[in-house]
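This briefing covers model confidence, one chain-to-chain contact and one strand with its neighbours. The sequence and the structure come first.

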Amino acid sequence: MSNDKSSPKFLQHHFHDVNQQYETAKLGMWAFILTEVLTFGGLFVAYVVFRSWYPEMFVGANLLLDVNKGLLNTIVLITSSLTMALAIWAIQKKNKKLSLIMLVATFIFAFIFLVIKYLEYSHKFEVGQLPGEYYSYMGPEIAHINNPHIFFSIYFIMTGLHGLHVAIGMGLIAWLIYSTAKGNLNSDYYTPMEMVGIFWHLVDLIWIYLFPLFYLI
Amino acid sequence: MGDNQKQNYLTHPKGLMSWLLTLDHKRIGLMYLVSGVIFFLIGGLIALGMRLELAAPGNDFISNETYNNMYTLHGAIMIFLFIIPAIPGALGNILLPLMLGAKDVAFPRLNLASFYLYSLGAVFAVYTIISGGVDTGWTFYTPYSTQSTSNVIPMTIGVFIIGFSSILTGLNFIATVHKMRIPGLTWYKLPLFVWALYGTSLVQITATPVIAITMVLLMLERFLGIGIFDPALGGDPVLYQHFFWFYSHPAVYIMILPAFGIISEIIPVHSRKKIWGYKFIAYSTLSIAFIGFLVWGHHMFTSGQSVFSQIVFSFITYFVGIPTGVKIFSWILTMYKGQVSFTPPMLYALSFLFLFTIGGLTGIFLGAVALDIHLHDSYFVVAHFHYVMQGGTIVAFLGGLHHWWPKSFGKMYNHTIANICAVGVFLGFNGTFFPQFLLGLRGMPRRYATYDSQFVELHSYSSFWSGILGLSIFFAFINLVWSLRKSNTDDPGTNPWGAMTLEWTHTTSPPHPHNFEKDPILEHGPYDYDKVIVEPTYKK
Amino acid sequence: MDTLREYFFPKQVSTFAADIDNLFFFIFYSSVVLFAIVVFGMIYLSVKYRLKKDDDIKLTSSKDHSNILEALFFIIPLILVSITFVWGIKSYLKMVIVPDDAIEIKVTGQSWFWTFDYPDGGSTLNELVVPSNTPIKIVLSSKDVLHSFFIPVMRSKMDALPNRYNVMWFDAAQEGVYDIFCTEYCGTGHSQMGAKVVVMKPEQYRTWASELGADDESIPLDELGAKLYTKKACNTCHTLDGTALVGPSYLQTSQMWGKERIFDDGSSTIIDDNYIRSSILEPQTQIVAGYQGVMPTYQGLLNDRELDALIAFLKSLEVDSEI
Amino acid sequence: MSEHHITPLRTYLIIAGILFFLTGLTVFVAKFDFGSFNIIVAMAVATFKATLVALFFMHLLWDDKKNLTLFVMSLMFLGIFITITLLDTGFRGGINPEITKPINERAAFYESLPLTDTHGNPVDSHDDQHHDEGKDHY
C-alpha cells in the first residue's frame, strides 16, 4: 500500500489510495478479458464442431484463403503488440515522447492490419466466397465439396468480430495518444494505457489462434 | 436518532437529473428495483391471462398466435428483465457496498452504464411487445426462430444488450468483493449474501458472453443464412441447443444463488442464531456455480444428442443436488436453539424452504434420463422450474425486500398485512403449480394453447389458485409501497431486526449518501449471536 | 400403490412403462421421506425455539456444526441419487437399444401433422397403426421445424429434427387407441398437432396393412372427402363451423363459392374448383387476407380423386348448413 | 506508482523475436502434410505463443495472481464448453447409426449454383479448357 497522504486528482472518492484503484481497475479488466475469451469461445466451439464433422470440407476450403496476406497480418499484429508494450514501458520510464511514438506506431500497424483485411475481404466478395446463402463460388477446387459456405460463415464471423476489436482498439489507442499528449497520462497514472494494452494484446492473442486455424490447417 | 436522518441518499441531492445521472449504488439499485418490479407485474399479468385462457380446453379468449406470443413474452420478461437483474441489480447493488463497509462499488460509472444498457434492452423488449410480439418461446430454438415471421430480431437484440448489462454488473461486483472490503473483513467474515453475489457474478461473467454470441449467430442465421444452426443449410439445431443451454443452465444459478444468499441472511437474523455450517454454505455456493456449467445437456435429453453425453449429463446433474440438499438442512438447523420470531421476512424464508425443497426434489426425477423422457417438455417441467424460480427466487426476493425495506426507506410496513400476503403467496403458489406436476405425469405437453378435455379439471384448479397468487403478490407490493406515505411514522430505527452485518449496525436508515458517516470498524462477525447482543430498534 | 399409479400416470402400454413408473415411485417415496424430514424439522425447530412475548433477547447457542449430521446429509442423498442414476441409465439403455426384429415405421413431422410410412408401402396421416406385442422402431424426421413425438402411454418421446433422423422404439402390450402429442413447440398449430396410435392384434394389423393403399373407389366423393378431412389433418387448421383457426373455415369458403376472395397482396380471385385445388397444392402462392402463409403443400400427399373428393366435400358444406 | 514492476526492454524484444520465429516455423511446417499431426503442431505452437503474450506482454507473470486465475478460468470454461459439446457431436449414432449424418449432406441452394472458374464467373463445366485457370491447387 502506498503511504502518500495527499490524494491526487485522479483518485476517485470511494478508493482509499492509488494502489487500490490501480489494482481494482486491473482486476476488472481481467474479468472483462475472461468474458472476451468466452465470447470468441462460442465461435471456437462452432469451428471445432464443424471441423470434426466435415474435416475434408475445411481442408478443401482453407486452400482458398491467401496464406501470404494472413502471414503478413500476423507479423503486423505481433509488431503492434510489441510497440504497445513498449509504449507502456516508455511511460513507466517517464519518456513521454517515446511513448507517443510507440502509440502512433501501434495505431498505424492496426490500420495496416485492417487494410490488408479489407483487400482480403474484397477479393472474397468478388469471387463469391461469401458467408451463408450468399455463397456462390463453385470453382474447380471446391465444386465437389459439400457446404463450403459454412467454412466461410465461420471465417467471416470470427475474423469480422476480430476486425471489429481491432477497430475498437484503434479508437482506444487514439484516445490514449490524445491523453498522453495532453499530459493526463504520465508515469504516476497510466492505468488506462495499461488497460488498453491488455485489451490490445488479447486481440493479438486471438489472432495467434485464428491464423493457423483458418490459413494453415 | 433524529439527527442522523438529516441527510440520506433518498433526499440528497435532489432533482430528476441527480437520479438519472447518479453514481450512487443505492440509487442505481433502486432504479433497478422499480423497473424490475414493473416488469415483474407485467409478466405476472401475462401469466394470469394465460391461466385464464387455460381454465377451459378450447380457444376461449385468445387465439393460438396470441397465446404463443404471451407465453414467450412471459418467459422472456420474467427471466431477462426481472429475475436475472432483479436480485443482483436491485438488492445486490443496494447492499453489497454497505455489507463490505465500502463507499461504493468498484466502478460506479460502469454501474450506471449497466443500468442504462438494461433499460435499452428493455426498450427493445417493449418494442417487441408493441409491434406484435414474438412467438418462438424464450429459448429461440432454431429452425423455428429463423423462420418465424414474428419480431425475433428486436427481442434477440434486447437479450444481447441485457446480457452486456449483466456482464458489467458481474464484473463490477467481483472487483468490489475483492478490493473494496474494509480492513479486517476477511473472506470468512463476509455475510453469506456477499458470497452468493460473488458466485453469481462469476457465473454472469463466464456464461453470459456465450448467450451474446449465440444471439449474434441467430441473427446472422436470419440475415445471411450462415448455416451453423439451420439444418436446411447444413447446420445443426441441436448445436444451437448446446450454445443456448451453455448459458441458460448456469443462468438458473444466476437466478437462484442470490436467493440462497438472502435466505442465509434472513434465517440467522430472525432466529437470532449463528448460521449453521458457514463455510459449507459459502463453498457450496461456489461449487454449485461451477457444477452448473457441466450439466446443461439435461435440457436436451430428447433432442437426439449422443447416448454417451446423455449418460454423462445425467451423472453430473446429481452433483448439483447434494450441496443444495446440505444447504437446506443447514438453514433448518440454524433455528436450533435460537430465538425465532415469525416476522414477514421469516415467513417468506420458511415458505422458501418448503417450496424450494419441492422444486429441488422434483429435479431429481428429471435428472433420471429414462424418466425424463416421459416428463420432458411436459407440465411437470413447468411446475418444477416454477417451484425453483418462483417458489425459490421470487419468494426469497419478496422476503429480502421485506427484510431490507426498513433499511432502504426508513419506514416500516404493516406486519399483519405482510404476513397475510406471505401466507397467500404460499397457498396460491402451491394451488397453482402443484396440480401441474400431475398434469405433466399424465402427459400434458407444455406450450399448448388448447388441450384435451381429459386435463380440464386440474387446469381449472390451477387457474383458480393463480388468481389468489396474483392478488397476494399484488397486495404485498401495495403494502410495501403504502408504507412510504408521508403520514407513516412507524420508524424502524437503524436496526429493526437486531442484525449484525455492517449495513444494519453502522449506518442510518435510509443510509447516508456516502453510506457511512465515518469509515466503519468491524467489531464482530456477521452472525455472532452467541457473542454479542444487538438490541433490535423496533418492537411491534 | 396401484391406485396411486393410476391416479398419477396414464395407462402402461409399452413393455418398459412399468419399469419407468417403478423408478418414479422409488424417487417419489424417497423424496416424500426427505421432504417430510425437512418440513417436520422446520416446523418443530421454529415453533420450539420461537421467541415468546415476554422472552428477553439473550445470547444464543454457538453450535453451528455437527460432523455426524453433516456426514449423514451427504451420504444418504448420495446413496439415493446413485441408485436413481444407475436405474435411470439402465432403463434408458433399454429404451435406446432397438431389438433387431423390430418393424420400422418412418414418422415425419410437418407443421402441424404427422405422416407415417409403413414398411410394406402406403402411409397414413395422424393415425399410427401398429401390431401389439411386436417391437416397433420409429425413425423420426421433420420437414420444417423441430417437433417432438410423444406417446404418453408408451412413456416414450423423441424430437423430430429436420434433415436428420432420430430413432425410438416401443413394444405395445395392450390393444387400444391412445394419444400422440407434439411436445416441441412448432408454431401456431402446436397444440393441435395431436395424433392417435392404434394398437391392433398382429393378425388384424396384417390385414390392415395389406389393405392400406388400396383405393377407396367405392365410396362417393363427398363422403371420401369427409374422411380425408380428418385423416389428412385438414381439421387441425380449418373448422367446419365458420370459426377461423389457423386457416379460414371450410364453411366460410363454401358459402363464398363463386364469389371473390381477396389475398394479402391485394389481388383477388373467384372461388372455384381450380382455386381450391391450387390452394391445396400450392398454398404459399395465394394467401387469404388476414391469415398467415403457414400451410404446407399437399403435393404428393393427395391423388387426383382425393383432391376431387375434398372439393366435393367442401362444396357440400354450404348445402348442409342451409338445411 | 514507482513500485510497479517495470519489465526490462530486453525481455520485450526477445519475446517478440521468439514470436516472429515461431510464426515462421508454423507456416513452414504447414507446407508438409503430416495428416492430423499438422493440427497438433500448429495448435501447440499457437498455445506457446499465446502463453508468451499473456505472461510477458500482458504482465501476468508479475501481476497479482488473481488476474492469472481469471485468465486461466476463462480457458478452463472454454475447454469445458468444447469438450462437453464434443461428447455429443463426436459420438452420435453409436447405437443407432441412422442418426450419425444429416439426411442431405449438401444444402439445397447448391443445386441452383452454376459452376464457376477461379474468378467466380459462371462456366458450363470444369473440363480441360479451363484448367489453365485452375491455379496451383489441381
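**Confidence and contacts**

Chain D has a mean pLDDT of 85, with 89% of its residues at 70 or more. The model is predicted, and it scores ipTM 0.90 and pTM 0.90.

Confidence within chain D

- Among the elements of chain D, the highest mean pLDDT, 94, belongs to α3(D), and the lowest, 92, to α2(D).
- Over residues 128-138 of chain D, pLDDT stays under 50. For this stretch the model has 13 contacts beyond four places in sequence.

Chain D against chain A

- Contact between these two chains involves 55 residues of chain D and 53 residues of chain A.
- On the side of chain D that touches chain A, α1 (9-30), α2 (37-57) and α3 (65-89) of chain D each supply at least two residues.
- The largest share of that side, 14 residues, comes from α3(D).
- By residue class, the side of chain D that touches chain A divides into 32 nonpolar, 17 polar and six charged residues.

Strand β10 of chain C

- In a regular strand, side chains alternate between the two faces of the sheet.
- Strand β10 (residues 195-200) of chain C shows such alternation: C:Ala195, C:Val197 and C:Val199 point to one face and are buried. C:Lys196, C:Val198 and C:Met200 point to the other face and are not buried.
- β10(C) pairs with strand β4 (residues 127-131) of chain C in the parallel sense, over five bridges, and with strand β9 (residues 176-182) of chain C in the antiparallel sense, also over five bridges.
- C:Val198 of β10(C) is the bridge partner of C:Val129 and also of C:Val177.

Terms used:
Residues numbered from 1 in each chain as written. Chains lettered and ligands numbered in written order. Predicted model: local features only at pLDDT ≥ 70, side-chain atom pairs only at ≥ 80, totals over all residues. Contact = placed C-beta atoms within 7 Å. Helix = DSSP H or I, 4+ residues; strand = E, 2+ residues; numbered from the N terminus. Nonpolar A, V, L, I, M, F, W, Y, C, P; charged D, E, K, R; others polar. pLDDT = per-residue confidence, 0-100. Buried ≥ 20, exposed ≤ 12 C-beta atoms within 10 Å, placed from the backbone. Pairing = 2+ DSSP bridges.
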